[in-house]
Amino acid sequence: MARVLARRAGGPRPSARLRRAIGSRTALVALLALVLVGLWWLAGAQGVTGQRLLSLAVRGVMLGGILALGAIGLTLIFGVLRIPNFAHGDLMTWGAYLALFGLTLLPAGQPLAPFSFGAELLLLLVLVMPLVGLTGYLLDRLVFRRLRARRAPSVILAMAALGGAFLLRSVIYLGWGADFRNFYTGRPRPAVELFAGIRVRPDQLFILGLALLLIFLLYLLLERSKMGKAMRATADNADLARISGIDTEGVIRWTWLIGGGLAGAGGVMFALDTQLRPEMGWWLMLPLFSSVILGTIGNAYGALVGALIIGVVWQTSTAFLNPAYGPGVAFAVLILVLLFRPQGIFGRPGGA
Amino acid sequence: MALLTVEGLTTGYGEMEVLRSLTLRVEPGRIVSIIGPNGAGKSTAMKAVFGLLKPWQGSIRFGEREIGGLSPDRIVRLGMCYVPQTDNVFPSLTVEENLEMGAFVLSGSTKERKERVFDLFPRLAERRRQRAGKMSGGERQMVAMGRALMLDPKLLLLDEPSAGLAPLLVDLIFEKVRDINASGVAVLMVEQNARKSLELADHAYVLVGGSNAIDGAGHDLLGDPEVGRLYLGG
Amino acid sequence: MERMTPKHVDDPTGIPADAPRPALLRVEGLTKSFGGLQAVNHCSFDVRAGSITALIGPNGAGKTTVFSLISGFLRPDRGRVVLDGEDLTGLLPHQVFRRGLCRTFQIPREHGSMTVLENLMLVPPDQLGERFWNPLLRPRAVRAQERAIREKALEVLDLLTLSHLRDEYAANLSGGQKKLLELARTLMADPRIVLLDEPAAGVNPSLMARIREKIVQLNAERGITFLLIEHDIPLVMGLCDPVIVLNQGTKLAEGPPAIVRGDPRVLEAYLGGQHGAVDG
Amino acid sequence: MGDAALAKSLLLALPLAFLAARALPARVPWIARALLGAAAGWAVAFVVALVVPPGQMAYLVSFAIVGSIYAVLALGLNVQWGYTGLFNIGIAAFFAIGAFTSALVTTSMPTGAAAAFSQQAFGLGAPFLAGVVAAGVAAGVLALLVGGPTLRLREDYLAIATIGIAELVRLVFQNERWLANGPQPLRGIPQPLACLVRDPGCGWLPPPLAALFDPLAPRDYPYVYLAIATLFVIVVYLVLERAIRSPWGRVLRAVREDEAAAAMAGKDVARVRLQAFVVGAVIMGLGGALYAHYMIAIDYTHFDALYATFLVWVMLMLGGSGNNRGAILGAFALWGVWTGAAFLVDLARPVLAAISSDLPARGPYLRLLFIALLMLFILLYRPKGLIGEERFVSRDSQGRDG
């Protein structure tokens, strides 16, 4: 009832028909398309070439892949456990720094041309993902589980997540300090021409490929495996899941392992593309939440779509806007979505 | 020996007492119906039996075993399944996946069990890949029942299976309940539709104000003017 | 206590008290569906001014949904709600409240960590002190009004015999006491019509007798019209006239309690669920 | 020396007098309470100013100033979260906008050689109070813009939107050189009442009073600012107490407790929430102004989520949300822990060095670790904080006649 009320409250309302039209999925998609066209037009007006715009769009897709890794985990945790996980960005950072730590232990191998990294990073990626997942699960065992037992409202869970975020960050600060870091220093990372003058770095192609692979694996898991189906069932209706005999503890464990694991991979990928900073995950949180809400909370495929849209809009905006404003652009998209269709692209009307 | 024996059950929500020393029995292989006016505590009785509410007093025995205070997931493993009145399917899962979730506690293939459910509900077999959220109310009810049958329960609890359905579908659902029972599953159901459920039930209890008022064979109660009085007072 | 005097006792038209009074609340063709489920379906009925009208019907008949549609918590797909000639359709709950319609909830909704007295003092509309700056700029006026509101709240508590609980946290009240608190809150608003959702549910018999007595008293002394959903049929039969029977989201029957009880369609609706309503 | 102590003690007396007056029982007439409080406060202040060595005194004063600024922020958050249940994790946005607005309004446009190094959108050279008012207005307008679209949605959306606005505000002040000197600090923010410690003295003060402050040297300015900062806290506290204990506060709490019931009691829930959000934000904006004029030079790094948002949250939760005294107590207590922990970290330096050579330099981050753990601890084991919410909040709703 409170939700109903919250949604209904607010100034004079247009007619039901107009409201439905404004809040429709088509309208939102059209609006986003309009935003994109507007960005391109703005860029064109400032003399940016079509080629560069296309390059930016391709880079946007790549960035969207990284964001998707974070956003999918975030939306799963949101959907299954009802936790707005404000620690998710910091889980990504955590993953990146764990990989950095691994690199200092392992002997540096030859780069796998044309990429800038060696096989050791791939190995570390495989190790880091479960570790980040376990970190998330540990946080759940120590904090969220107790709050759930007390039937704490979602705001309290969000606050605990915020505490978890700063806890993780403090560990990162203690372990590595506040400076910028790189996985590899002094390795050239030239961009190569893909086709039609579109230039990207080989690393970025790898990142996109890896993101797609992980998302495909996740798809298989959610659609084919028993645990994946149980996760979707729990997201649909946790009470019914419990009375059907679904092992909800197992679902919780797997949700953290998968959500955290994807976040860890996303963090490593983001750090590979840019650099490592303790605050990077915090800054990514806005694009992550924007992707999740755009693609409807709890919908893993929606999060992927949302992340791709945010990635492309973000990159395209750099054609004429200071690149530092990336998270700000994501925020602008979020506000548009909240104004017109808070339940996101794939939500049912009134489902926000 | 009775499959389910409830004796002197008293419980409620918070400090609100809803059931007052309720007593009922379900024999193996029978259909038992609980009817009664609104607010009599019918659904609450179901929830208490299935462990969704802790009993304050009294006992609930399933076979030999006392199950009062056990959690629902333990009770499921003992062979009792429950179909809630509303929100009883996973809307984003397909029909087939819904059924699989019913058999979550089992390891190994569930194919055979699914086929048995599909035999019972041919309509579901046709729609096995459809998402449950897109189905009509009657079909959802069948999905929910099918999910509960996946574990081959000894006792099936149905909470108002006909609620919100069009008349034709109500007949269909009651027919299905009969079929389920014919396959050897005992059924304990709460029903709004007193007449229909009395026609079906081997035995029925009329609940008023949280306690049993009268009980008897379904057909006997059907003709009993006392039942009508209990509903509309007087 | 000018505010305490009932405003609607005397019918301005001068029609004798026993003549049928005009409808205070009129519901016309109300329709609402939730994702394919038709909860309320072309539901129409009138509530006479000064009456205690009951809304009964089997589970799932749409009674609470009708309440929510009338009080602005839900927006009808079709149909109108008219209070004393004024169209309320589509207004928000607080706007409906300001036109003199109050409702209670089936499961009482109280402000748990506020005291009983605070729960009541919250209700009166147009409080000066509700504007942020008034307590700072016009403290005297605000305090004077607060004193008046407090007096009134104490009177209402007295009337409903809740005085001994005034400093208790609302969350600590028993289920029945919370029901009384809900009724008390509606009285703080000087309502024209009060919608009570299952006032008897979960209330022990002696407290119920008191609630019932208060409803009769308020109706007689202050001319407040009541519309109540209730499952306790004996209570309804003794208290209400007329009784409106809802089935499958639409009105099935209406009339004095004795007539309604004897109506075979009503018994059929209760016993036979939906079947009784076909072409009813 | 004694003369300086007298002047300092006069400045220090304000918060102490207020505390003393508050501590006296309510049945003493207010005029007597004021006089007694003033006397007691001044006496304590005088002794303190005489006895405590100047170095430690300077430290204590700066501690109290920052504590006061945090207290203002915590009071603002208390209106939003403590009384209304609004989850704002973008305190930094309102804090920053207040600070920069007040700075721009009160500084003058750089001229001559300085103009080459320092840019700003405008500089009005207005007095301190004008800057304060502008800071509150700017933060309030920002809150309207953020709250309008999000407050009617589910509660987690507000949290995300406030993170977003905090991020955006920080980005703008970091990247827009023309606005407030971009990544470089915006300098030259005037110190209010600085004339008290300067040589010619304040022209507008009556000569005997001016003579009283004569012994103060420019390095004693923090004493002046402490008086200003504590005055802020006292005024904000008194205004909020009055508002919270009035029907306004009652409506806020009603909305927090149960939205639907509040709506059915005729309250416009959306408006109430927006009001509370704006009032809280205005107070945070005032806190920003207070901060800017203390720091003299500010830049975007001062407004990151850790210092400007997270600490404030832990302060409020530590003190007790839903209680204004709790907010102030929490601010000073946590600020004490935060600064005190620095000493402990110093003590632990050898141990840290033994673990890793990098660790001593990162020691300060141990404090963050500790604060994050503290927050989780409070959430899990002591959700009400040090002092929970009061039982009787409305002024006139107590059982006894008052």
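This is a short conversation about a predicted model, going from its chains to some of its sheets and helices.

Visitor: Before we start, what kind of model is this, and how are residues and chains labelled?
Guide: This is a predicted model, in which local features need pLDDT of at least 70 and side-chain atom pairs count only at pLDDT 80 or more, while totals for chains, interfaces and linings use all residues. Residues are numbered from 1 along each chain as its sequence is written, chains are lettered from A and ligands numbered from 1 in the order in which they are written, and side-chain values use heavy atoms, with hydrogens and water left out.

Visitor: OK, which chains have the most contacts?
Guide: Among the five pairs of chains that touch, chains A and D have the most contacts, where contact means heavy atoms within 4.5 Å. Chain B and chain D do not touch, and their nearest C-alpha atoms are 18 Å apart.

Visitor: Let's go to chain B; where does strand β1 sit, and is it enclosed?
Guide: Strand β1(B) covers residues 4-13, and seven of its 10 residues are buried, so it is largely enclosed by the rest of the structure. Buried here means under 20% relative accessible area, with exposed over 50% and partly exposed in between, using a 1.4 Å probe and protein chains only. Strands are DSSP runs of E with at least two residues and helices are runs of H or I with at least four, both numbered from the N terminus.

Visitor: What does β1(B) pair with?
Guide: β1(B) pairs in the antiparallel sense with β2(B), residues 16-26, over seven bridges, and also in the antiparallel sense with β4(B), residues 57-62, over five bridges; two strands pair if DSSP finds at least two bridges between them. T11(B) stands opposite L19(B) in β2(B), whereas T10(B) stands opposite Q57(B) in β4(B).

Visitor: And the turn between β1(B) and β2(B), what's in it?
Guide: The two strands form a hairpin with two residues between them, and G14(B) in the turn has a positive phi of about 55°.

Visitor: What about the six-stranded sheet in chain B?
Guide: That sheet is open and mixed in its pairing, with the order β6-β7-β8-β3-β9-β10, and its edge strands are β6 (80-83) and β10 (211-217), each pairing on one side only. Within the sheet, β3(B), residues 31-35, and β9(B), residues 203-208, pair in the parallel sense over four bridges, with A204(B) as the bridge partner of S33(B). Helix α7(B), residues 167-182, packs on the sheet and touches β3, β7 and β8 (186-190) of chain B.

Visitor: Switching to chain D, how do α10 and α13 pack?
Guide: Helices α10(D), residues 221-244, and α13(D), residues 269-295, pack at an angle of about 175° with their axes 11 Å apart; axes are lines fitted to C-alpha atoms, for helices over the stretch in contact, and angles run from 0 to 180 degrees between N-to-C directions. The two helices are therefore roughly antiparallel to each other, a term for angles over 145 degrees.

Visitor: Which residues make that contact?
Guide: Those of α10(D) include Y225(D), F232(D) and L240(D), and those of α13(D) include I283(D), L290(D) and Y294(D). By class, the contact has 11 nonpolar, one polar and no charged residues.

Visitor: Last one, what are the domains of chain C?
Guide: The domain assignment gives domain 1 (23-110 + 175-279) and domain 2 (113-172), with bounds that come from an automatic or database assignment. Their centres, taken over C-alpha atoms, are separated by 28 Å, and 19 residues of domain 1 are in contact with 18 residues of domain 2.

Key. Parallel < 35°, antiparallel > 145°, perpendicular 65-115°, else oblique. Nonpolar A, V, L, I, M, F, W, Y, C, P; charged D, E, K, R; others polar.
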